[in-house]
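The exercises below ask you to read a protein model step by step, with the structure open beside you. Try each task before you turn to its solution.

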Amino acid sequence: ANAALDQFPPDSIWITTAKLARGVVHALLGLTDRALDDLTEVVALAQARDAPEEGYLAQGQLALLAAKRGAWHEAGQRADAAQTFIDEHGLGDVSSSALAHVATARVAVHEARPADARAALARAHRLRPMLDHGIPWVTIQVGLELTRAHLALGEATAARTILTETDQVLELRPDMGFLGGDAQAL
């Protein structure tokens, strides 16, 4: 991503995607401050350059980072913003939008809104068959967040099934930063 950003002209349509990739890598490596900088910039670029997929992925990732820090108000705002990108651009059937749905579910679980959590989980589950090791960070994060949400809702069987499937993707793509450790902890 750094090499690409060094070579792209300032008006390249690929800058938003490269910054998203770099922000996600920073997040997976635990370099949270760098991730926050890149992902926040991606949100602004996505709005300015009409790049909604990068926008909802950045907002979803920012929501999950906020939840991890215990900043639940921010997590809710970011999850809502991700959903707005998806809804305004009709991207609810795009597989990677599952990341925004699980962020929404995690916030709803935290706020003791089980019906809203289950609705968001249902949207994510509908997209799961399209997720695989091709975009492993999305697939694995979605799986881990689904597992956490189902556990919080007292649905151990669903959580166990999802975690088993997530572990299978991790076997194919083991170098996913902190995600492997998160899967082991779960």
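A salt bridge is a side-chain nitrogen of Lys or Arg within 4 Å of a carboxyl oxygen of Asp or Glu. The model you are looking at is predicted, and it holds 12 salt bridges.

**Exercise 1. Describe how helices H3 and H4 pack, and sort the residues of their contact by type.**

*Solution.* Step one is to choose the quantities that are needed: two packed helices are described by the angle between their axes and the distance between the axes. For helix H3 (residues 32-49) and helix H4 (residues 52-69), the angle is about 145° and the axes lie 8 Å apart. Step two is the handedness, and here H3 passes H4 in a left-handed crossing.

Step three is to find the residues that meet. On the side of H3 these are Ala35, Leu36, Leu39, Thr40, Val42, Val43 and Ala46, while H4 contributes Glu54, Gly55, Ala58, Gln59, Gln61, Leu62, Leu65 and Arg69. Step four sorts the residues of this contact, which gives nine nonpolar, four polar and two charged.

**Exercise 2. Arg69 and Glu74 form a salt bridge; find its N to O distance, and decide whether each partner is buried, partly exposed or exposed.**

*Solution.* We start from a general idea: side chains of opposite charge can pair when their charged atoms come close. The side chains of Arg69 and Glu74 meet at 2.6 Å, N to O. To classify the partners we need the cut-offs, namely that buried means under 20% relative accessible area and exposed means over 50%, with partly exposed in between. Arg69 has a relative accessible area of 41% and is therefore partly exposed, and Glu74, at 23%, is also counted as partly exposed.

**Exercise 3. Which residues are joined into one network by salt bridges that share partners, and in which helices do Arg106, Glu145, Asp182 and Arg148 lie?**

*Solution.* Take the pair of Arg106 and Glu145 to begin with, whose side chains meet in a salt bridge of 2.3 Å, N to O. Arg106 lies in helix H6 (residues 98-110) and Glu145 in helix H8 (residues 136-152), so this pair ties together parts that are 39 residues apart in sequence. Both partners are classed as buried, because Arg106 has a relative accessible area of 17% and Glu145 one of 8%.

Now take the pair of Asp182 and Arg148, which meet in a salt bridge of 3.2 Å, N to O. This pair links distant parts of the chain, with Asp182 in helix H10 (residues 179-185) and Arg148 in helix H8, 34 residues apart. Asp182 is buried at 18%, whereas Arg148, at 23%, counts as partly exposed. Finally, salt bridges that share partners join Arg106, Glu145, Arg148 and Asp182 into one network.

**Exercise 4. Compare the span of H6 with the expected span, and find what its buried residues pack against.**

*Solution.* At 1.5 Å a residue, the 13 residues of H6 should span 18 Å, and the end C-alpha atoms are 18 Å apart, so the two values agree. Turning to burial, we find that H6 is mostly covered, with 12 of its 13 residues buried. These buried residues pack against H4, helix H5 (72-88), helix H7 (114-127) and H8.

Thr104, which lies in H6, serves as an example. At 15% relative accessibility Thr104 counts as buried, and beyond its neighbours within four places in sequence it is in contact with Ala79, Gln83, Ala120 and Arg123. After the helix comes Ala112, whose phi is positive, near 55°.

**Exercise 5. How many residues of H2 are buried, and with which residues is Ala18 in contact, leaving aside its neighbours within four places in sequence?**

*Solution.* Of the 14 residues of H2, 11 are buried, so this helix is largely enclosed by the rest of the structure. The buried residues of H2 pack against helix H1 (2-7), H3, H4, H8 and H10.

Ala18 lies in helix H2 (residues 15-28) and counts as buried at 8% relative accessibility. With its neighbours within four places in sequence left aside, Ala18 is in contact with Ala1, Ala4, Leu5 and Phe8. H2 is followed by Gly30, whose phi is positive, near 80°.

Technical notes. Residues are numbered from 1 along each chain as its sequence is written. This is a predicted model: local features need pLDDT of at least 70, side-chain atom pairs count only at pLDDT 80 or more; totals for chains, interfaces and linings use all residues. Side-chain values use heavy atoms; hydrogens and water are left out. Axes are lines fitted to C-alpha atoms, for helices over the stretch in contact, and angles run from 0 to 180 degrees between N-to-C directions. Helices (H or I, at least four residues) and strands (E, at least two) are DSSP runs, numbered from the N terminus. A crossing is left-handed if the near helix is turned anticlockwise from the far one by less than a right angle, and right-handed if clockwise. Contact means heavy atoms within 4.5 Å. Ala, Val, Leu, Ile, Met, Phe, Trp, Tyr, Cys and Pro count as nonpolar, Asp, Glu, Lys and Arg as charged, and the others, Gly among them, as polar. Buried means under 20% relative accessible area, exposed over 50%, partly exposed in between (1.4 Å probe, protein chains only). The expected span of a helix is 1.5 Å times one less than its number of residues.
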